[in-house]
Protein chains: 2
Amino acid sequence: MPELRKDPIIGRWVIIATERGTRPHDFKRSPESLGGDPQNCPFCPGNESKTPPEILAYHEPGRLKDQPGWWIRVVPNKYPALQVEGAIHREGEGMYDKMSGLGAHEVIIETSSHTEFIAQMKPSRIEDVFWACRDRMIDLKKDPRMQYILIFKNHGAAAGASLAHPHSQLIATPMVPIRVKQEMAGAKAYYDYKERCVFCDILREESEDRRRVVAENEGFVAFEPYASRFPFETWIIPKIHSAHFEDVQKHQVVDLAQIMKKSLGQIHQVLQNPPLNYIVHTAPLKEMDLPHYHWHIEIMPKLTHVAGFEWGTGFYINPTPPELAAQFLTDMKGD
Amino acid sequence: MPELRKDPIIGRWVIIATERGTRPHDFKRSPESLGGDPQNCPFCPGNESKTPPEILAYHEPGRLKDQPGWWIRVVPNKYPALQVEGAIHREGEGMYDKMSGLGAHEVIIETSSHTEFIAQMKPSRIEDVFWACRDRMIDLKKDPRMQYILIFKNHGAAAGASLAHPHSQLIATPMVPIRVKQEMAGAKAYYDYKERCVFCDILREESEDRRRVVAENEGFVAFEPYASRFPFETWIIPKIHSAHFEDVQKHQVVDLAQIMKKSLGQIHQVLQNPPLNYIVHTAPLKEMDLPHYHWHIEIMPKLTHVAGFEWGTGFYINPTPPELAAQFLTDMKGD
């Protein structure tokens, strides 16, 4: 019989198919339609003029702005979902409410190579990706209009990427998004009841249980969450309690780069470079260091389609139990 | 500048690209991988033995159970997300909570034709699809363990369908799903403040404004919602206030079939048979006829990928303003 499992943070139920379970090779995927050639890629060196002027770059000494010689480059999104100019206008339209689409939308170009996925990069370069994200957060946090900063990656067409060249995105919003509010509220309710951080409790539980752990180092644990929504969903949680990603310590960034490389490498190998998203979950900018919230990263391979049932109910059907997914990932075998 | 619009029911913000807007022909889609041939289709007449025994059929007089001669057939899902046997067990697992996957999961085979999409069916046959859904709801409602019944359709591989033969699905769950709770809570909050049903207000607003209306008849209005999450998202709302789909009146079913045929026909033609989901939004089984809730149907074409930003924030980026989508749908032209 299938099993219903409840996410301890936001109370979301997931249906886990506990019988045989779908194996990595059972996921049929349409071939990736991305690619493009480096000649025309706006993120490749030599094509710097095809993006808006850069905001930040990590580069060789003496290199000029918007010229080659960089290994990380941050630029405004050419087709921004939100725009940074202007004030916040709120107004009604008939019975409805609207506001101006103010915010920031930036692209973190993670490497000068058109094809080097993050799992293939040198650890020190992965560290720099996270440093660049943090640098931008610290800068945008100074803008009093901004309430939240989301850092995320879309990898592969089915995960929403429109360019193949490895990149992450950053969006700063003038309100706290509803999902973030729900996660914060769930974590707060747990804390109010137990007087402990739910993420610290999960960390303890997974570290003892071990069945769902896929990687661990001094600073972080990577595991398949108990109520995984998606096959091979993987969370990476820092062992030190902290609400804000931007407060990450230098030695933690070394461990984070190492565990991201390992976890993404496992997924990349076992599932043969699947489309995926990952998202940095962090507290709203104007919150202090909350005792009930704990920043972390959620990786979601896109192997199944979200369909009518998920849209209608908000709970998910996951054909691969997380315990089975963890076995495949740690064996590094597709089946 | 993009515009943020707020859904008046659950308070979800949507980013609407108000500049040029993405036109129907701009949506690139990978070709549908479904199809299959009628010989091997478990839903085609002559293959009745390939499904579990039928629960209900609308058929010619004298026809035997699980034999051809039907035009609608309801069968248990062969790979059910939830199973109908057993009691509800709730238990802990370490710090987590789980329960048995009890419920019902049925398939409504809408036609004996392998390829006839609902928009191409005779209106009287579409009426019968809704009658069959209602018959099953009335029957399952007698089971005291069931709290909610979701009726939905996945059309096309990208919308989660695994078989091409036209069908809908019904899932009965032993709890009220989180999305339904959120929608009910939002509608209740509006009612508490305004002492009016939010859906009745939307109906009035759209009927006067007309810019987003795509079809209307005596019983229903079809329109693109003000804060559409997806390009060409279309809602169909009955003009008579009622919380429960299963209380639908006979004359309403005639109008519902007519407006579904028209709305799905518009979408089918303008977007060239896109993958889509539709979902019947109805009140939980054990609620009375609530003054604040109003059943309706939401149609969601799948033209864009839900990506990291949507997952991380819960708000959506919609590149096609609903006013523009309504123009395309009512002109019945792709561009």
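**Exercise 1. Which residues in α1(B) meet which residues in α4(B)?**

Worked solution, keeping in mind that this is a predicted model:

- Step 1: start on the α1(B) side, where the residues are Pro123(B), Ile126(B), Glu127(B), Phe130(B) and Trp131(B).
- Step 2: go across to α4(B), and you'll find Val253(B), Val254(B), Leu256(B), Ala257(B), Gln258(B), Met260(B) and Lys261(B).
- Step 3: sort the residues of this contact by class, and you get 9 nonpolar, 1 polar and 2 charged.

**Exercise 2. Work out how helix α1 of chain B packs on helix α4 of chain B.**

Two packed helices are described by the angle between their axes and the distance between the axes.

- Step 1: take helix α1 (residues 123-140) of chain B and helix α4 (residues 250-270) of chain B; their axes come within 8 Å and cross at roughly 115°.
- Step 2: angles of 65 to 115 degrees count as roughly perpendicular, so α1(B) is roughly perpendicular to α4(B).
- Step 3: add the hand, since a full answer needs it: α1(B) passes α4(B) in a right-handed crossing.

**Exercise 3. Do the helix pair again, this time in chain A.**

- Step 1: helix α1 (residues 123-140) of chain A packs against helix α4 (residues 250-270) of chain A at about 115°, and the axes are 8 Å apart.
- Step 2: that makes α1(A) roughly perpendicular to α4(A), and their crossing is right-handed.

**Exercise 4. What rotation and shift superpose chain A on chain B?**

Two copies of a chain are related by a rotation about an axis and a shift along it.

- Step 1: read off the operation, a rotation of 180° with 0.0 Å of shift along its axis, giving an RMSD of 0.0 Å.
- Step 2: name it; that is the relation of a two-fold axis.
- Step 3: look at the surface involved: both copies use the same one, with 100% of the contact residues of chain A recurring in chain B.

**Exercise 5. Describe the contact between the two chains.**

- Step 1: for the head count, 55 residues of chain A are in contact with 55 residues of chain B.
- Step 2: for the elements, those of chain A that give two or more residues to the side touching chain B include β1 (3-6), β6 (96-100), α2 (178-194) and α3 (198-209).
- Step 3: by class, the chain A side splits into 27 nonpolar, 17 polar and 11 charged residues.
- Step 4: zoom in on the strands; β1(A) and strand β6 (residues 96-100) of chain B run antiparallel, joined by 4 bridges. Lys6(A), for one, has Asp97(B) in β6(B) as its bridge partner.

Methods:
Residues are numbered from 1 along each chain as its sequence is written. Chains are lettered from A and ligands numbered from 1 in the order in which they are written. This is a predicted model: local features need pLDDT of at least 70, side-chain atom pairs count only at pLDDT 80 or more; totals for chains, interfaces and linings use all residues. Two residues are in contact if their C-beta atoms, placed from the backbone, lie within 7 Å. Ala, Val, Leu, Ile, Met, Phe, Trp, Tyr, Cys and Pro count as nonpolar, Asp, Glu, Lys and Arg as charged, and the others, Gly among them, as polar. Two strands pair if DSSP finds at least two bridges between them. Copies are superposed by least squares on the C-alpha atoms of residues with pLDDT of at least 70 in both. Axes are lines fitted to C-alpha atoms, for helices over the stretch in contact, and angles run from 0 to 180 degrees between N-to-C directions. Angles under 35 degrees count as roughly parallel, over 145 as roughly antiparallel, 65 to 115 as roughly perpendicular and the rest as oblique. A crossing is left-handed if the near helix is turned anticlockwise from the far one by less than a right angle, and right-handed if clockwise.
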